[in-house]
Amino acid sequence: MSTYISAENLGHSFHDHWLFKNISIGINRGRRVALVGINGAGKTTLLKLLAGSLKPTEGKVAQMRDLNLGYLEQDPGFKDAITISDYIFHADDLQQQLIRKYEELLENDPDNAKAIEKVMEEMSDVDAWEYEYKIKTILGRLDIHHLNQHIKTLSGGQKKRLALAKLLIEDPDIYILDEPTNHLDIDTIEWLEKLLTDGSKTILMVTHDRYFLDNVCNEILEIDKGKIIPYVGNYGYYLEKKAERESADEAAFQKNSNLLRKELEWMRRQPQARGTKSKARIDAFYDLEEKTKDGGAKQKVELTIKTARQGNKIMEMNHLYKSFNGHTFVNNFSYVFKKGDRIGLAGKNGSGKSTLLNLITGGLIPDKGAIDKGETTVMGYFHQSGIAFKEDERVIDIVKNVAEFITMADGKMISASALLTLFLFPPAKQYGFISKLSGGEKKRLQLMSILMKNPNFLILDEPTNDLDIDTLNVLEEFLTNYSGILMLVSHDRYLLDKLTDQLFIMEEGGHVKIYNGNYSSYRLELEENKQQNKRYAAIEPAPTAVVKKNKLSFKESKELETLDKEIAIIEGQLKDKNEALNVVGIEPKKLDEILQQISVLTSKLDEKSIRWIELTELKEA
């Protein structure tokens with residue numbers, strides 16, 4: 001099996017702090033690996049080292065010769081590209097340049113039939129139609145439409161989706177993905193899952209999305225205390241085996257601690273001039289001390305902030321409307337919040353989720369309608385974009401600006417420094433600058449700043465981005481026991497399922513559908529309705545009325561002509577491959593290669609045949 005990337009005795013440090021040492025990894029063809037570990041363990045750093053964008057402090061990374069590696073960074077760069085087209089299409093790729101010309105003509109000069117026909121003929125000559133369909137599908141699913149748009153005008157989320165689109169179009173030998181689901185809506189995440197698990201793609205990724213991780217990956221590598229621990233299986237298997245390992249580690253730790261106490265007493269009793277006879281026991285003491293000092297139960301974030309008292313009247317929204325530039329995002333929405341509400345807000349990107357949240361929190365004024373908030377309602381709003389901390393400010397000053405002392409759930413008062421310690425900010429970090437914090441640590445500090453105000457109406461807009469899975473587990477535990485009103489916007493289906501029992505679904509035209517149930521039950525109901533509609537359509541009698549003829553467009557006519565030729569070519573190729581299987585004494589490696597090619601050709605033939613049927617029916621309608 002081909003080894004795409006191998007690392008030997010890898011070690012890396014920042015500011016004299018070692019993230020890991022003596023790590024050896026091999027990523028072979030066909031493996032789909034997830035890298036997990038707490039914030040600050042070095043997951044992103046390890047991805048950068050393996051991708052070749054960062055040089056290790058120690059050890060070496062080797063890549064297979066001529067390896068086509070695709071790397072999706074958390075914050076992608078775009079080099080010298082000015083427009084989306086500049087970034088997506090390679091100047092030295094004839095097919096891509098013809099597709100670029102064709103798409104730009106359709107967008108900017110759609111009436112220029114002569115130029116369009118000429119470039120279509122050129123695309124047919126180089127068999128570019130299938131590639132054009134693939135590119136257009138990927139860009140469309142990732143909500144990228146205007147190829148002439150300047151990259152500098154894009155938001156952070158749009159930039160991440162653009163970088164992902166380029167990677168999927170290029171279809172590299174190995175995908176190295178750092179939080180690929182950030183800034184994607186749930187429909188797009190589910191589409192991406194199918195795309196990444198189709199065929200035998202090789203993937204190494206970091207993600208906090210547990211459903212995505214469980215569905216895509218078949219192997220887990222955990223970074224823990226600077227070491228790599230492998231688990232062969234999906235996320236569910238990893239959780240099971242990790243629990244077993246930690247239970248064993250805890251038992252070993254307790255045993256070592258008891259031994260250490262006895263050994264320590266023995267060491268203290270010895271005279272300064274120890275004889276050679278006791279040297280072995282002294283060495284064993286230091287060895288035991290080394291084993292024990294990093295053991296024990298892991299520190300966890302403790303979220304136990306007090307919740308303000310909630311009165312009977314929480315908030316009433318009456319016939320709300322909100323539009324921007326002629327587009328309605330909230331259309332005649334009414335709702336009365338009640339105690340115990342746990343609401344998930346779902347909908348595609350751009351459907352109006354943030355608009356509704358800003359109306360609720362008072363960040364926007366409705367065009368029509370009214371919002372009546374109860375006197376005892378205390379809002380806590382965790383923004384997707386985060387708080388704009390000053391990079392030269394110290395961590396402890398951020399907390400002290402809110403309060404010097406904080407009331408905990410049990411009524412006790414603790415200092416700002418003590419609270420930071422509970423949130424896993426040790427003294428060294430408390431007096432350090434914001435600029436030194438990781439993305440996940442900044443998110444944790446933001447969440448802490450909000451909870452310190454004792455909100456009884458908590459809104460979390462994409463809280464999972466940049467948080468490690470261990471911190472997410474603790475956040476979930478806190479939110480499960482949270483007694484106030486909870487509104488959650490998240491692309492994390494696991495989080496929505498676990499924490500909400502009602503959905504606000506943003507639909508076309510700004511309509512908000514209220515659904516009683518969690519996200520998985522909603523998706524299951526949608527799928528059942530879809531299947532039922534298919535069954536009804538199958539038994540519905542053909543209409544007797546004459547259907548008006550629906551002519552194919554110029555582009556579709558050309559596509560149909562091209563499909564006829566392409567289907568014939570693929571059928572010929574399949575025939576040749578099937579005949580090649582009949583060769584006596586064929587080598588196993590060659591057999592595997594031919595079977596893989598037959599699988600790819602069959603998928604292509606199915607896809608093109610379906611499209612051919614669609615266009616033929618349209619032509620004959």
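How much accessible surface does the protein have, and what share of it belongs to carbon and sulfur atoms? I looked this up before anything else. The accessible surface comes to about 33100 Å², and 51% of that belongs to carbon and sulfur atoms. Note to self: this is a predicted model.

**Overall make-up**

I went for the whole chain next. The protein has 621 residues, and 43% of them count as buried. I find 20 helices and 20 strands in its secondary structure. I also checked contacts with a separation of 6 or more: residues 24 or more positions apart account for 68% of them.

**Helix α3**

I picked α3, residues 94-108, and checked its length. With 15 residues at 1.5 Å a residue, α3 should span 21 Å, and its end C-alpha atoms are indeed 21 Å apart, so the two agree.

Which residues of α3 are buried? My list reads Gln96, Leu98, Ile99, Arg100, Tyr102, Glu103, Glu104 and Leu105. I had a general point in mind here: an α-helix has 3.6 residues a turn, so residues three or four places apart point the same way. The list also holds charged names, with Arg100, Glu103 and Glu104 among the buried residues.

Then I asked what covers the buried residues of α3. The cover includes α2 (84-88), α4 (113-125), α5 (129-141) and α6 (156-170), and also α19 (554-580). At the start of α3, I noted Asp93: one of its side-chain oxygens reaches to within 3.1 Å of the backbone nitrogen of Gln95.

**A buried glutamate**

Glu222 sits in strand β8, residues 219-224. Is Glu222 buried or exposed? Its relative accessible area is 3%, under the 20% cut-off, so Glu222 counts as buried. I looked for a partner and found Lys242: the two side chains make a polar contact at 2.6 Å.

**Two positive phi values**

As a general rule, most residues other than glycine have a negative phi. I wrote down two residues with a positive value.

Asp127 has phi near 50 degrees. Asp127 lies in the loop between α4 and α5, and it is partly exposed, with a relative accessible area of 47%.

Asn454 has phi near 55 degrees. Its place is the loop between α15 (439-451) and β17 (457-461). Asn454 has a relative accessible area of 19%; buried means under 20%, so Asn454 counts as buried.

**Val232**

I stopped at the loop between β9 (227-231) and α9 (235-269), where Val232 is found. Val232 counts as exposed, at 64% relative accessibility. What does Val232 touch, leaving out residues up to four places away in sequence? I get Asn218, Glu219 and Tyr237. I also took the C-alpha to C-alpha distance from Val232 to Cys217: 9.7 Å in space, with their positions 15 residues apart in sequence.

**Rings**

Last, the aromatics. How many aromatic pairs does the structure hold? The count is 12. One aromatic cluster is formed by Phe333, Tyr335, Phe337, Phe457 and Phe504.

I then looked for lysines over ring faces and wrote down two. Lys166 lies over the face of Tyr87, at 4.9 Å from the ring centre. Lys368 lies over the face of Tyr321, at 4.5 Å from the ring centre.

Technical notes: Residues numbered from 1 in each chain as written. Predicted model: local features only at pLDDT ≥ 70, side-chain atom pairs only at ≥ 80, totals over all residues. Heavy atoms only, no water. Phe/Tyr/Trp six-rings, centres within 6.5 Å; stacked < 30°, edge-to-face > 60°. Lys NZ or Arg CZ within 6 Å of the ring centre and 35° of its normal. Helix = DSSP H or I, 4+ residues; strand = E, 2+ residues; numbered from the N terminus. Buried < 20%, exposed > 50% of the residue type's maximum accessible area, 1.4 Å probe, protein only. Contact = heavy atoms within 4.5 Å. Areas by Shrake-Rupley, 256 points an atom, 1.4 Å probe, with all protein chains shown as cover. Expected span 1.5 Å × (residues − 1). Polar contact = N/O pair within 3.5 Å; in protein donor to acceptor, adjacent residues only side chain to side chain.
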